[in-house]
Amino acid sequence: MYSGDTICAIATGMAGSGIGIIRVSGDRAIEICDRIFVGRKKVSEMETFTAAYGHIVDPAVIEENTSDEGFDGDNGHVSAESGINNRKMPDMKEAVIDEVVVLVMKAPHSYTTEDTVEIDCHGGVFLMEKVLGLLVREGARVAEPGEFTKRAYLNGRIDMSEAEAVMDVINAETESALSASVGQLRGDLREKIASIREEILYNTAYIESALDDPENYSLDGFNEKLAESVERIDGEVKRLAQSFDEGRIVREGIRTAIIGKPNAGKSSVLNMLLMEERAIVTDVAGTTRDTLEEYARLSGVLLKLIDTAGIRETEDKVEKIGVDKAQENIKAADLILFVADGARPLDDDDKRIIRSLAGKKVITLINKEDLPVAINRTELDALLKEVFCGETLDLTDGKTVSADAKRNTTEPHILTISAKEGQGRDELAALIKEMFLAGEAKGNSQIVISNERHKNALYDASQALGRVKESLENGLPEDFYTIDLMAAYESLGLITGETLADDLADKIFAEFCMGK
């Protein structure tokens, strides 16, 4: 990417639409647009943050047919006053490509801080590409993915965390994801990181000054103050790092594995949540042999649904691969929807599955409410409480006794549904919202990170601060403090891009969409 070039790109999607926007940015943006735009004003004569109606024309066609007549941009004729470079031209309707509105944003008050022109034309893909071709022919270059935002970053308008938030805003699928992304875009994370780095830098500078000029700067009692400062800073860094799981769920959705034994109705549950026939449903056990992933929104919560193969003991090699994948998905999931077949008694496969779920967030769905009930609800409750609450129900007298199973702090969540009839979808949505959205709501008033790069930088900073605390406890020389303090400072600078290597910056922006 060459920051001196004038770049252009189609900023709207590459599909037919009512309006298409072509963005041009750089030192020659206004000059180049002047050559292809005909209106009552030239682009160079427009005030910043103003718009003008006119036509995109092909300068090559006009240059071939120059004469003393004018052409009125409003009526299909270029006039002497409004023509390209004030040249007089004949009736040249064939030079007109499209009627457009042009918006001008002059440096430094634009997204890139450079002269920027946006051409609002009709949204046909062929038409937009034709206008883009004119811009390239007149001296612009097609922008690389993310190059407009990269220029905003390089020119100091935004930092790296804000640049990354741009794509998060574009990709947001829920209200909570949009809110978190907008908060990062307006600089909430940048301000927090800047505040922490400023305190680290102050402590480092004071130590260096005291070592260089002990007559004017004393370190007496400073170690205690430094220990308090580092402890507080490390707490803030760790809190940010620990918010990653919550932020990832907000950004990417809740990874939700639908599991159960064969023919329990897992694919029917997937179809019910999607409200469409996405998965094949038959009465034959083992129809689903591979995972199927889809996204669904329930009450403002985004679910990344994974329909898995039925879990059971099997000698079938293909089915066994599906079972192994299902078990892998259990480990990686944020939420498990365990589908129990209400029309069949619990068997060893059910019990084996339930015992594998200890420590996970689980909602048990007793499916097939539309059929006669065969499942023993008391036995199911007892097994779930044993696994999730560490309690065993003595079925002979109904007494509850303690157990040594892995424990969960919450009561088991159980819903009775009929996936085939669509019964229970609203209740399930409400329960998932209760389980997950409370944390998201809290995150909306606090800074929550959702970028793994940020999490890793925060982890490295915390490790460096931990070494400072160890040095203080062991009474090591002050030089050791400054080395690790600056390591933490550098790690935090990776988040905002102040210490980011160029190759990593290029990689980040390469993941952006075209025109942004």
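The following paragraphs go through a seven-stranded sheet, a strand with two partners and a pair of helices.

This is a predicted model, in which local features need pLDDT of at least 70 and side-chain atom pairs count only at pLDDT 80 or more, while totals for chains, interfaces and linings use all residues. Residues are numbered from 1 along each chain as its sequence is written, and side-chain values use heavy atoms, with hydrogens and water left out.

Helices (DSSP runs of H or I, at least four residues) and strands (runs of E, at least two) are numbered from the N terminus. Strands of a sheet pair through backbone hydrogen bonds, either parallel or antiparallel. Two strands are said to pair here if DSSP finds at least two bridges between them.

The open sheet has seven strands in the order β3-β4-β5-β6-β2-β1-β7, and its pairing is mixed. At its edges are β3 (37-39) and β7 (141-142), each of which pairs on one side only. Within the sheet, β5 (residues 96-105) and β6 (residues 116-123) are antiparallel and share five bridges; Val101 stands opposite Asp120 in β6. Helix α4 (residues 147-154) packs on this sheet and touches β1 (7-10), β2 (17-25) and β7, where contact means heavy atoms within 4.5 Å. The direction of α4 makes about 135 degrees with that of β1.

Further along the chain is strand β10 (residues 301-307). Six of its seven residues are buried (under 20% relative accessible area, with a 1.4 Å probe and protein chains only), so β10 is largely enclosed by the rest of the structure. Strand β8 (residues 254-259) runs parallel to β10 and is joined to it by five bridges; Ile254 has Leu303 in β10 as its bridge partner. Strand β9 (residues 292-298) pairs with β10 in the antiparallel sense over seven bridges, and Glu294 is partnered by Leu305 in β10. β9 and β10 form a hairpin with two residues between them, and Ser299 in the turn has a positive phi of about 50 degrees.

Helices α15 (residues 452-473) and α16 (residues 478-496) pack with their axes 8 Å apart, at an angle of about 170 degrees. Axes are lines fitted to C-alpha atoms, for helices over the stretch in contact, and angles run from 0 to 180 degrees between N-to-C directions. The angle makes α15 roughly antiparallel to α16 (over 145 degrees). Residues making the contact include Ala457, Leu465 and Ser471 of α15 and Phe480, Tyr481 and Asp484 of α16. Ser471 counts as buried, at 5% relative accessibility. Not counting residues up to four places away in sequence, Ser471 touches Leu476, Phe480, Tyr481 and Asp484.

Notes: Parallel < 35°, antiparallel > 145°, perpendicular 65-115°, else oblique. Buried < 20%, exposed > 50% of the residue type's maximum accessible area, 1.4 Å probe, protein only.
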